[in-house]
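Me: I would like to take a close look at one part of this protein, and then see how the rest is arranged around the chain. Please go slowly, since I am new to reading structures.

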Amino acid sequence: MAKFVSASKAISLIRDNMTIGIGGFGGFSAPDELLRQIASSYAVNNTPRGLHVVSGISPGDLDENGYGLSIISAEGIISSIYAAHVGMSPAIGRAVGANRIAGFTIPLGVYGQLLKASAAKQPGVLTRVGLHTLCDPRIDGCAVNDLARRSGRDVVSLITIDKEDYLLYKTFPIDACIIRGTYADEAGNISLQREALYSEQLAMATAVHNNGGIVIVQVAGVVKKGDLDPRHVKIHNCVVDYVVVSSPENHLQCYDGSGYRPELVGEKRVIPDSVIPIDLSFRKICGRRGAMEITAGSLINLGIGMPDSISAVASEEGFWDQVTLAIETGVFGGIPVRGVGLGAAVNPEAIYMITDNFDLYDGGGLDIAFFGAAEIDEQGNVNVSMFGNRCTGPGGFIDISQNTHKVCFMGTFTADKVFFDSSNGNLFIKKDGDHIKFRKNVEQITFSAKDAKKNKQKVLYITERAVFCLTRNGVMLTEIAPGVDLEIDILSKMEFIPHISPCLKLMDERIFSNEKMGLKLKNQKVNIEL
């Protein structure tokens, strides 16, 4: 049976140089009471130090406000980090980019599967996810800085089976974990009933427990044994060692300052505010063109940034109820929350554990996926994970982009401030961005064009002035915006000359109008054998 202890007592069990799992996902479900106790103990006693942190989408608020991993960003606390994404805590991302913390980044789905494999005492996860990307040992082997490369840590190997290449991501013991639930009963059973995301809390607790580690769970309160609804108990007390009751200020549902929102967990349903169309902008232009790729009945994944314009366009055009959004967090349906609250949805239809959600994704369960794109090269590779000294990591990008038949990358054609005018269905670039995004070679490969071509994926690169597709020979220009000059506005702003389709056409002029498009979704083709 779990023991109820203070935060200071629990953290006194965390020793220097331990490998420690930290739960949470971005703006949600981080054990801040325990993280603050680590920071306090380090400030006063210089311990624990040299920790090797294991996390998924590392918790943080995209700012310097002292939430999530930012709480333990003081130099010396963290020695290395093994995570899918480190961008939500800018301080940690900077430390990795500056080579002060050894950084290893892996696909989010693989991370969850590794926890389950570790719980089952298996040697690792054998998968095709990550081939020909930063994860491939022939490229970076998941190591994103010199400290990681010099550490000698071997986290992934190339395996050949029946002449096909696979990656083996290796399991390793986690000495302790600090995770979070909503309530505990007197026996230490943990309910997640007010958590907008279930994250990987159960998989982490099981992996640590089964390998002899220490499982510490932060909760908002304690109830009598038998009072918890068993449908909300996601972590049984058999894998819990210690429970710590948090103060309210360290147990926020989300870091966005919105307070508790029952509509994120299904406790109540709300009627969304009337849809106010977003202004005509690059975001809306890309969202409109992307939405034209959707068919009715689709299961869709939207990435961070520009892709969330798809939901705004779908609402304005009135077809949001004809599709289902699946977020990598395991949330299905509803209206996505933006900003720090990304990953949750208002009025969700279902909430899965992340580790279960990627079983659906990896098997090709999505119909279409939309992502941002920071760099695209002439082969069609995409980088969203590493830029100079700034490291974010891939999150679920690699898992999803490699296993979805139709993938659309969205973003402005150039980076930095771009100004335009539109009239009568035309686009005129008044001032272009200073940084080129279509590069000869991307800095880091997060999406592999080589793998996509082998798997016969349909891949589009959508910008406000041009649309490209991936062919067996590389990137091909297929559409340009009305009013745009091919040479001046497109080819001169690329480091390579793309193939140009013999059927090059103009983008739909409705995309560049202030009026509603009147977009209607086509039905999916269904093959039925009698």
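Which residues are buried in helix 6 (residues 201–210)?

Reply: This is a predicted model, and the reading below should be taken in that light. In helix 6, which spans residues 201–210, the buried residues are Gln201, Ala203, Met204, Ala205, Ala207 and Val208. Past the end of helix 6 comes Gly212, and the phi angle of Gly212 is positive, near 85°.

A helix that can be read in a similar way is helix 3, made of residues 90–97, which is mostly covered, with seven of its eight residues buried. The buried ones are Pro90, Ala91, Ile92, Gly93, Ala95, Val96 and Gly97, and what covers them includes strand 4, strand 5 and strand 27 (390–391). Helix 3 is followed by Asn99, which has a positive phi, near 70°.

Strand 4 and strand 5 also belong to an open sheet of eight strands, whose order is 1-15-12-9-2-3-4-5 and whose pairing is parallel. Strand 1 (3–4) and strand 5 (102–105) stand at the edges of this sheet, and each has a single partner strand, so one side of each is left without a neighbour in the sheet. At one of these edges, strand 1 pairs with strand 15 (residues 242–245) in the parallel sense over two bridges, and Phe4 stands opposite Val243 of strand 15.

Between strand 3 (51–54) and strand 4 (78–83) of the sheet runs a loop, and this loop is the place of Ser58. Ser58 counts as buried because its relative accessibility is 1%, where the cut-off for buried is under 20%. If neighbours within four places in sequence are left aside, Ser58 is in contact with Gly26, Leu69, Ile81, Ala83, His85, Val86 and Met88.

A second open sheet has four strands in the order 13-10-11-14, and here the pairing is mixed. Its edges are strand 13 (221–223) and strand 14 (233–235), each with a single partner strand, so that one side of each is left without a neighbour in the sheet. Within this sheet, strand 10 (residues 183–185) and strand 11 (residues 190–191) run antiparallel and are joined by two bridges, with Tyr183 standing opposite Ser191 of strand 11.

Helices can also be described in pairs, by the angle between their axes and the distance between the axes. Helix 4 (residues 108–119) and helix 9 (residues 354–362) pack at an angle of about 120°, with their axes 9 Å apart, and this angle makes helix 4 oblique to helix 9. Their crossing is left-handed. On the side of helix 4 the contact is made by Leu108, Gly109, Gly112, Gln113 and Lys116, and on the side of helix 9 by Ile354, Thr355, Asp356, Phe358, Asp359 and Asp362. These contact residues divide into three nonpolar, four polar and four charged.

Phe358 of helix 9 leads on to one further residue, since Phe358 is among the contacts of Ile400. Ile400 lies in helix 10 (residues 397–403) and is buried, with a relative accessible area of 0%. Leaving aside neighbours within four places in sequence, the other contacts of Ile400 are Asn301, Glu328, Tyr361, Leu366, Ala369 and Phe371. Ile400 and His232 are 168 residues apart in sequence, and their C-alpha atoms are 28 Å apart in space.

Definitions and conventions
Residues numbered from 1 in each chain as written. Predicted model: local features only at pLDDT ≥ 70, side-chain atom pairs only at ≥ 80, totals over all residues. Heavy atoms only, no water. Buried < 20%, exposed > 50% of the residue type's maximum accessible area, 1.4 Å probe, protein only. Contact = heavy atoms within 4.5 Å. Pairing = 2+ DSSP bridges. Axes fitted to C-alpha atoms, helices over the stretch in contact; angles between N-to-C directions. Parallel < 35°, antiparallel > 145°, perpendicular 65-115°, else oblique. Left-handed = near helix turned anticlockwise from the far one by under 90°. Nonpolar A, V, L, I, M, F, W, Y, C, P; charged D, E, K, R; others polar.
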